[in-house]
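Visitor: Hey, I've got a structure open and could use some company while I poke around. Mind if I throw questions at you?
Guide: Go ahead, ask away.

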Amino acid sequence: MILVTGGAGFIGANFVLDWLAQSDEAVVNLDKLTYAGNLETLASLNNDPRHIFVQGDIGDSALVDCLLAEHRPRAVLNFAAESHVDRSIHGPEDFVQTNVLGTFRLLESVRGYWGSLPAEQKTAFRFLHVSTDEVYGSLSSSDPAFTEEHKYEPNSPYSASKAASDHLVRAWHHTYGLPVLTTNCSNNYGPFHFPEKLIPLMIVNALAGKPLPVYGDGMQVRDWLYVKDHCSAIRRVLEAGKLGETYNVGGWNEKPNIEIVHTVCALLDELRPRVDGRGYKEQITFVTDRPGHDRRYAIDARKLERELGWKPAETFDSGIRKTVEWYLDNAAWVRNVQSGAYRDWVKKQYEAA
């Protein structure tokens, strides 16, 4: 049995689905079901006794204590986080509550549970914390990619809150001996991605005939990691990672945002052409850049490859095609996540710019 927090969000849900596709080990899935949590993503697990879903907050210590005592997991994997930079700019308090205080309370609950385990189970137990490359700050075009030794320089309320959570995890290992592992990943993409992030937003808006909003000049560079590759990396780190260590997870796909948008447009031109025969690129609209927008992120994932033998299975070309095809094949899922609150957010964020 493992306990996964945030398992109805984008990365967490993909992890739960992949885990149960490859293992009969049960999952207790704790998720608060905020706007980005979506049980429909997990619909294929309905009535599957290996999947136990619990709606709740990682900051609810009483609930977490009960789940740990009842289910006795051998590992806790923490995906739960507020994760959208734009939302953190407009409402940073939610990010501090979930990413900082929530992680603190989760660590304390896990520490109490772990301390009560028999010696053999205590030795085998793991707490794996899923984090982001954004904690490292921004790179110039000539800087080497982030390694695990890069100093933390977070620039947004989101990345600052994740950096704080990383520091807490590290401190609980060094102070209390809690057997922790941390992963810092680059930009994920793939199936079930909430359509406020760049790739799904471009797909959804393009098909709806709406503008494709691109911040600034569109030359912000990110490394892109197919979500199922990220899930396989987490499984490998959980299996064989060295206690107290951090592992960077990247896709070796550095690309500027505007190139991503052009690629999505070209795939849609091929797979779902506009009825008027014109290209989707015509819908691209450049909007005012967001405050403090980091220029470049890049992940050096050689430690994970060298020490644990992990490499991504997908190239960007293969992963982005699978992603676009998934959105074309799952229009009902997209429709159902586009609530009034989501539409209001997109209007506020992009149309006013």
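Visitor: Which residue just after H7 takes a positive phi?
Guide: That's Gly209, with a phi of about 75°. Keep in mind that this is a predicted model.

Visitor: And H7, is that helix mostly covered or mostly open?
Guide: Mostly covered: H7 spans residues 198–207, and 8 of its 10 residues are buried. Among the buried ones are Ile199, Pro200, Leu201 and Met202, and Asn205 is on that list too.

Visitor: Which residue in the loop between strand E7 and H7 should I look at?
Guide: Try Phe192, which sits in that loop. Its phi is near 70°, a positive value in a residue other than glycine.

Visitor: Is Phe192 buried or exposed?
Guide: Phe192 counts as buried because its relative accessibility is 17%, and the cut-off for buried is under 20%.

Visitor: What about Arg72, what's its phi like?
Guide: Arg72 has a positive phi as well, near 50°, and again this is a residue other than glycine. You'll find Arg72 in the loop between H2 and strand E4, which covers 75–78.

Visitor: Why does Arg72 count as partly exposed?
Guide: Arg72 has 39% relative accessibility, so it counts as partly exposed. That class lies between the buried limit of 20% and the exposed limit of 50%.

Visitor: You mentioned H2. Which helix does H2 pack with, and at what angle?
Guide: H2, residues 61–71, packs with H4, residues 92–115, at an angle of about 35°. Their axes are 9 Å apart, and H2 passes H4 in a right-handed crossing.

Visitor: Why give me both an angle and a distance?
Guide: Because two packed helices are described by exactly that pair: the angle between their axes and the distance between the axes.

Visitor: Cool. Which residues meet there?
Guide: From H2 you have Ser61, Val64, Asp65 and Leu68, and they meet Arg105, Leu106, Ser109, Val110 and Tyr113 in H4. The residues of that contact divide into 5 nonpolar, 2 polar and 2 charged.

Visitor: New topic: pockets. How much space lies in the second largest pocket?
Guide: About 330 Å³. It is lined by 15 residues, and the closest to its centre are Glu148, Tyr152, Arg170, Gly244 and Thr246.

Visitor: Which helix gives the largest share of that lining?
Guide: H6 does, with 4 residues. Helix H6 runs 157–176, and both H6 and strand E6 (180–185) supply at least two lining residues.

Visitor: How does the lining split into nonpolar, polar and charged?
Guide: The lining of the second largest pocket has 3 nonpolar, 6 polar and 6 charged residues.

Visitor: And where is Val135?
Guide: Val135 is in the loop between strand E5 (126–132) and H6. Val135 counts as buried because its relative accessibility is 0%.

Visitor: So what is Val135 in contact with, leaving aside its neighbours in sequence?
Guide: Leaving out residues within four places in sequence, the contacts of Val135 include Tyr152, Glu153, Pro154, Ser159 and Asn184. Tyr152 came up earlier, as one of the residues closest to the centre of the second largest pocket.

Visitor: Last one: where's Asn253, and what does it touch?
Guide: Asn253 is in the loop between strand E10 (246–249) and strand E11 (254–256). Not counting residues up to four places away in sequence, Asn253 touches Arg222, Asp223, Trp224, Thr315 and Phe316. At 12% relative accessibility, Asn253 counts as buried.

Methods. Residues are numbered from 1 along each chain as its sequence is written. This is a predicted model: local features need pLDDT of at least 70, side-chain atom pairs count only at pLDDT 80 or more; totals for chains, interfaces and linings use all residues. Side-chain values use heavy atoms; hydrogens and water are left out. On a 1 Å grid over the protein atoms alone, a cavity is a set of points where a 1.4 Å probe fits but cannot get out, and a pocket is an open set with protein on both sides within 12 Å along at least five of seven lines; lining residues have an atom within 4 Å of a point. Grid points are joined across faces, edges and corners, and a volume is the space filled by probe spheres set on the points. Ala, Val, Leu, Ile, Met, Phe, Trp, Tyr, Cys and Pro count as nonpolar, Asp, Glu, Lys and Arg as charged, and the others, Gly among them, as polar. Axes are lines fitted to C-alpha atoms, for helices over the stretch in contact, and angles run from 0 to 180 degrees between N-to-C directions. A crossing is left-handed if the near helix is turned anticlockwise from the far one by less than a right angle, and right-handed if clockwise. Contact means heavy atoms within 4.5 Å. Buried means under 20% relative accessible area, exposed over 50%, partly exposed in between (1.4 Å probe, protein chains only).
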